[in-house]
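Open the model in your viewer and keep the selection tool at hand. Each stop below says what to select next and what is there.

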Amino acid sequence: MSAPQSQNALIRWIDHRMPIFTFMHHELHEYPAPKNLSYWWNFGSLAGIVLVIMIVTGIWLAMHYTPHVDYAFQSVERIMRDVNYGWLIRYLHMNGASMFFLVVYIHLFRGMYYGSYKYPRELLWILGVVILLLMMATAFMGYVLPWGQMSFWGATVITNLFSAIPLFGDPIVTWLWGGFSVDNATLNRFFSLHYLLPFLIVGVVFLHLWALHRFGSNNPIGIDTKGPQDSIPFHPYYTIKDAFGTGVFLLVFAGFVFFAPNFFGEPDNYIPANPLVTPAHIVPEWYLLPFYAILRAIPDKLTGVIAMFGSILLLMALPWLDTSRVRSATYRPIYKQFFWVFVVDCLVLGYIGANPPEGWFIVIGRIATAYYFIHLLIIIPLLGKLERPLELPASISTPVIGSGAAQPQAARMEKP
Amino acid sequence: MRKIVLTALAVAAACFAGSLPASSSEAIKPPSQSWGFGGIFGTFDRAALQRGFHVYKDVCAACHSMNLLAYRNLRALGFSEDEVKGIAAEYEVTDGPNDEGNMFQRAGRPSDRFKAPFANEKAARAANNGAFPPDLSLMIKARPSGANYVHALLTGYEPPPPSVKLMEGMNYNKFFPGGQIAMAPPLNADAVTFGDGTPATVAQMSKDVVTFLAWAAEPELEVRKQMGVKVILFLIVLTIMLYAAKRRTWAGVH
């Protein structure tokens, strides 16, 4: 398919030599999408929008920020006080990070609920997990830049995790720091990398979209589109639906930025970094708390570090851990319940991560950590074998169960 | 749609739970006060700001610096340009080096930062029995439930219960983490005389100085909230129109 011939001679001239307009028309305009996508499918494009907001506000912050241990805290306060609308740019960036993770976590759980990671979208899913890892690294290094107490001590705790590596642990930590403690060299390289990684994220996002456009979106029923009657062009149907979702999202975002800008933050980070005074409780930002809880649930440091990174990397194996051929949890009555247990388990881990490791918090944290791995490594593989899924509809256009023509569609999703 | 809203609320609730004070064994939660700068339409009471600055200048500034503030910032409190010049000129600041290479003393100007009471941290500790009075520029943002906490702390001095053994030079204050604070009760009734005739009770001075400190920590608060109301109203209208456009676009899809 090609773009309708443009009236503009310049566009025709360019498109003949480099068919970028044909490409855009094909991928953004004609691109067929299942017609039954729910609002849960808004969060992918929403994440893209937040990424752009983060990069734009970040570039403006970098114009005024000074990555030096003696000036970093002051330069952030200068942005807040003396730069025109500097407070707005910084609060957008600060709360934008939380919004980014909120949106991406909903996007991720949506993929888990509707089995979006299954054939033929395994690579799409893996690229998504890569984006999540890059986001975590970027967010962590960004949190260090204001050089407040939590910045400094968070950086100290997280970089020290690498000292758990046998034999080479301590040299690696020294190498990461660029010295013998978290200091100016560390701050400088974190700033450099914090500026670099978002552009890597943009690159992987393009790969993510490339993989997505190969087979198109999954949908709430989880069966493939069977023909033109099942799909609609992306534009205008999903552009306007995404635009409406963006409006709702911006309302939430603006609510935090203008009326509770420090809701997600720690008061301690408004105290300048002091290597001689350790805060009573060192906690990472909320979006890292579940993984922090997994780290602390295991008494052995090395095992804890492996479990923490493993808990994310394991998600990459989900397409193969899940043995069920039915994608959507709508037709998997048992999996649907376990899915929500898993969501609650992740929230519990987040709550435990925010609390000091003492008393019952340790016990609950260990149970929740164990369940996280049991869900992914045992329950999901077994459920695919044991569970009897409901009958799937014949097509997206006829989602009425038991309409005569209905037959198990799972057979159509055989792996090649 | 309702599902999404509920989920957002649930996540927000989870985040809120996560941001609560981590341990209950520390200090007592300060009681909530009603502040004029709280809420969606909150603003700073200019008279309270000026009284609060008066308290800071006459009482707190003896030990506590406010390094992030310049005298020019006081215009936001409702002082005129000449009043600000007058306040700045009360202080002697070090400038230089001059053409002979020497540092010299001159009267403060509006562009100068607030003059700190001590030359450095060591000097501050030496003068305060080893304790370091923290900078107050960001105090309200740098403590959990900032304004309520500082007000509770300033008005919460009482004789220690028999079970508490105070260390030498320390004072009992149940709102301070650990209960023992080096700062002696800073506010005494009529320690200052307000120009507007407001009686200088401890509670009044505390409320005023906390209002001043809240402004110092968030000088953008009024602009931020007023802009926020406009942005939210605009987004509500935009979102309703987008919803109508979405309904109309999708009307033919079954």
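**Stop 1: chain B**

Select chain B, which has seven helices and four strands. This is a predicted model. Step along chain B from the N terminus and the elements come in the order α-α-α-β-β-α-α-β-β-α-α. Colour by accessibility next: of the 254 residues in chain B, 39% are buried. Then draw the contacts within chain B, leaving out pairs less than 6 apart in sequence. Of those that remain, 63% join residues at least 24 apart.

Now zoom in on Pro97(B). Pro97(B) sits in the loop between strand 1 (92-95) and strand 2 (104-107) of chain B. Check the peptide bond that leads into it from Gly96(B): the bond is cis, with omega near 0°. Most peptide bonds are trans.

**Stop 2: where chain A meets chain B**

Show both chains and select the residues in contact. You should get 49 residues of chain A and 49 residues of chain B. The size of an interface is often given as the accessible area lost when the parts come together. Between chain A and chain B, that area is about 4300 Å². Carbon and sulfur atoms give 75% of it.

Which residues form the salt bridge here? Select Arg72(B) and Asp82(A). Their closest N and O atoms are 3.4 Å apart. The count of salt bridges between chain A and chain B is one. Polar contacts number six residue pairs between the two chains, both residues at pLDDT 80 or more.

Hide chain B and look at the side of chain A that touches it. The elements that give two or more residues to this side are helix 4, helix 5, helix 10 (234-259) and helix 14 (333-354) of chain A. Helix 10 gives the most, with 16 residues. Colour this side by class: 36 residues are nonpolar, six are polar and seven are charged.

**Stop 3: two domains in chain A**

Stay on chain A and colour it by domain. The domain assignment gives domain 1 (34-284) and domain 2 (286-322 + 333-388). Place a marker at each C-alpha centre: the two centres lie 21 Å apart. The contact takes 33 residues from domain 1 of chain A and 31 residues from domain 2 of chain A.

Domain 1 and domain 2 of chain A bury about 2900 Å² between them. Of this area, 80% is on carbon and sulfur atoms. Select Met112(A), Tyr113(A) and Pro284(A) next. These three supply 21% of the area that domain 1 of chain A buries against domain 2 of chain A, more than any other three residues.

How many salt bridges cross this interface? The rule finds one. Select Lys118(A) and Asp322(A) and bring up their side chains: they meet in a salt bridge at 3.1 Å, N to O. Across the interface of the two domains there are also nine residue pairs in polar contact, both residues at pLDDT 80 or more.

On the side of domain 1 that touches domain 2, highlight helix 5 (86-113), helix 6 (122-144) and helix 7 (149-160) of chain A; these are the elements that give two or more residues to it. By class, this side of domain 1 has 27 nonpolar, four polar and two charged residues.

**Stop 4: loops of chain A**

Begin with the loop between helix 4 (72-81) and helix 5 of chain A, and select Tyr85(A) there. Tyr85(A) is not a glycine, yet its phi is positive, about 55°. Tyr85(A) counts as partly exposed because its relative accessibility is 47%.

Go on to the loop between helix 5 and helix 6 of chain A, where Pro120(A) has its place. The peptide bond from Tyr119(A) to Pro120(A) is cis, with omega near 5°.

The next loop lies between helix 6 and helix 7 of chain A and holds Trp147(A). Trp147(A) has a positive phi of about 60°, again without being a glycine. Most residues other than glycine have a negative phi. Is Trp147(A) buried or exposed? Its relative accessibility is 6%, so Trp147(A) counts as buried.

**Last stop: Ser151(A)**

Select Ser151(A), which lies in helix 7 of chain A. Ser151(A) has 1% relative accessibility and therefore counts as buried. Show what surrounds it. Leaving aside residues up to four places away in sequence, Ser151(A) touches Tyr143(A), Val144(A), Pro146(A) and Asn269(A).

How values were computed. Residues numbered from 1 in each chain as written. Chains lettered and ligands numbered in written order. Predicted model: local features only at pLDDT ≥ 70, side-chain atom pairs only at ≥ 80, totals over all residues. Heavy atoms only, no water. Domains from an automatic or database assignment. Contact = heavy atoms within 4.5 Å. Buried area = accessible area lost by both parts, 1.4 Å probe. Salt bridge = Lys/Arg side-chain N within 4 Å of Asp/Glu carboxyl O. Polar contact = N/O pair within 3.5 Å; in protein donor to acceptor, adjacent residues only side chain to side chain. Nonpolar A, V, L, I, M, F, W, Y, C, P; charged D, E, K, R; others polar. Buried < 20%, exposed > 50% of the residue type's maximum accessible area, 1.4 Å probe, protein only.
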